[in-house]
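Reader: Before I plan anything at the bench, could you walk me through the charged pairs, the cysteines, the internal space and the sheet of this protein?

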Amino acid sequence: MYDSFDYAAHRVMGSADEAVGWVDRSSLPEEDKAALRGFVKRFPRLSFYRDDDVLLDHLELRNVVVLPPWLRKVRQVLSGPGPDVQVRFDGFDHWNPRADHSAGEIGDVIDLWYEDNFFGYLQDEERDLLRNGAECYPVLCATTGVNYILGANLGDPDDGRIVDLCDEDVMDDCHDGRPGIESVFPAFESYASMLSHVIECRTGDGAVIRARDRS
C-alpha cells in the first residue's frame, strides 16, 4: 500500500535525557512512568522517539481503525527506540500456549528480534486477518517465515495489555471456522511494561546494545 505521508516530520526524536523528560512531564500513571524511565536509562546511548497527534490521526484514517485511547496516549509520550531499532525481550509478563508451541520450533520467542510495525496493515488481506480475524492492531513484529506480532486489542479498547499472536495461527483458525482471537494471548500488562522488558537493541548498522543492569 503506497503511503506518501511524511512520518519522520511527525516523530519527535530525543536523547535519553530528553526522553526521561517526556515521561516526567506526562500524565501517565506512576507505575508506567517508572517502567518507561527504567527502560530509557538502561539504554543511555540510544535516541528515542514519540509520535504526534497528526501521525496518529493519519494511521487511524489509513488503517480504518480507532486506536485505543491508552495507546495514543503512551505513543505521544514515548514510542520506543529508533524508530529503526529492533528489540529483543528478556521475557513476557504472561506466557501462553502460542509461545510454548513455538519454543519447540524456533527456540524461545524471547530470542526473536522485533521491529516497528506501527504503520498498521500493508494490504487489505492483512487488515482482514489482523483487524477482523484477530481484533489486533500491530505494534511490533518479528518475521521468521511467519509473523510474530505484538499488538493492541481493538476488540476491547479498555484492555491496555499488549497481546501476542502469530499470523499463521490466526489464518489456521479462520480457515477451520474458528474465531481468530482464539490464537491471541496476553503478553505484557501494558505498553510501558513491554518496553521495560527490552534486554537488547539492534541498530540499523547491526550493532547490538545490551541493556545496563536494572539495578
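**Charged pairs, cysteines, cavity and sheet**

Reader: What kind of contact does Asp111 form with Arg88, and how far apart are the closest N and O atoms?

Author: A salt bridge is counted when a side-chain nitrogen of Lys or Arg lies within 4 Å of a carboxyl oxygen of Asp or Glu. Asp111 and Arg88 form such a salt bridge, and their closest N and O atoms are 3.6 Å apart. Asp111 sits in the loop between helix H5 (97-106) and strand E5 (115-116), while Arg88 belongs to strand E4 (residues 86-89), so that the pair links distant parts of the chain, 23 residues apart. The contact is thus a salt bridge, with a distance of 3.6 Å.

Reader: On what kind of model do these values rest, and what pLDDT do side-chain atom pairs need?

Author: Residues are numbered from 1 along each chain as its sequence is written, and side-chain values use heavy atoms, with hydrogens and water left out. This is a predicted model, in which totals for chains, interfaces and linings use all residues, local features need pLDDT of at least 70, and side-chain atom pairs count only at pLDDT 80 or more.

Reader: Is Arg88 buried or exposed, and what is its relative accessible area?

Author: Buried stands for under 20% relative accessible area and exposed for over 50%, with partly exposed in between, using a 1.4 Å probe and protein chains only. Asp111 is partly exposed at 46%. Its partner Arg88 is buried, with a relative accessible area of 15%.

Reader: How many residues apart are Asp51 and Arg11, which form a salt bridge, in sequence?

Author: The closest N and O atoms of Asp51 and Arg11 are 3.9 Å apart in their salt bridge. Helices (H or I, at least four residues) and strands (E, at least two) are DSSP runs, numbered from the N terminus. Because Asp51 lies in strand E2 (residues 48-51) and Arg11 in strand E1 (residues 11-14), the pair ties together parts that are apart in sequence by 40 residues.

Reader: Which residues are linked with Arg11 and Asp51 in a network of salt bridges?

Author: The structure has a count of 16 salt bridges under this rule. Asp51, with a relative accessible area of 2%, is buried. The network that holds Arg11 and Asp51 also includes Arg75 and Asp116.

Reader: What separates Lys33 and Glu30 within helix H2?

Author: The side chains of Lys33 and Glu30 meet in a salt bridge at 3.7 Å, N to O. Lys33 is buried at 8% relative accessible area, whereas Glu30 counts as exposed at 53%. Both lie in helix H2 (residues 30-41), and because they are 3 residues apart, what separates them is about one helical turn.

Reader: How many disulfides does the structure hold?

Author: A disulfide is a pair of cysteine sulfur atoms within 2.5 Å, and the structure holds 0 of them. Cys141 is in no disulfide, since the nearest cysteine sulfur, that of Cys166, is 9.2 Å away. Cys141 is buried at 7% relative accessible area, and Cys166 is buried at 3%. The number of disulfides is therefore 0.

Reader: What is the volume of the largest cavity?

Author: On a 1 Å grid over the protein atoms alone, a cavity is a set of points where a 1.4 Å probe fits but cannot get out, and lining residues have an atom within 4 Å of a point. Grid points are joined across faces, edges and corners, and a volume is the space filled by probe spheres set on the points. The structure holds 1 cavity of 30 Å³ or more, and the largest cavity has a volume of about 110 Å³.

Reader: Which element supplies the largest share of the lining of the largest cavity?

Author: Of the 14 lining residues, the closest to the centre of the largest cavity are Ser79, Gly80, Pro81, Asp116 and Leu140. Strand E3 (80-81), strand E6 (136-143) and helix H8 (191-196) each supply at least two residues of this lining. The largest share, 3 residues, comes from H8.

Reader: Which strands stand at the edges of the open sheet?

Author: Two strands pair if DSSP finds at least two bridges between them. The open sheet has 5 strands in the order E5-E6-E7-E8-E9, with antiparallel pairing. One side of each edge strand is left without a neighbour in the sheet, because each has a single partner strand, and these edge strands are E5 and E9 (185-188).

Methods: 1 Å grid on protein atoms, 1.4 Å probe; cavity = no way out; pocket = protein on both sides within 12 Å on 5 of 7 lines; lining within 4 Å.
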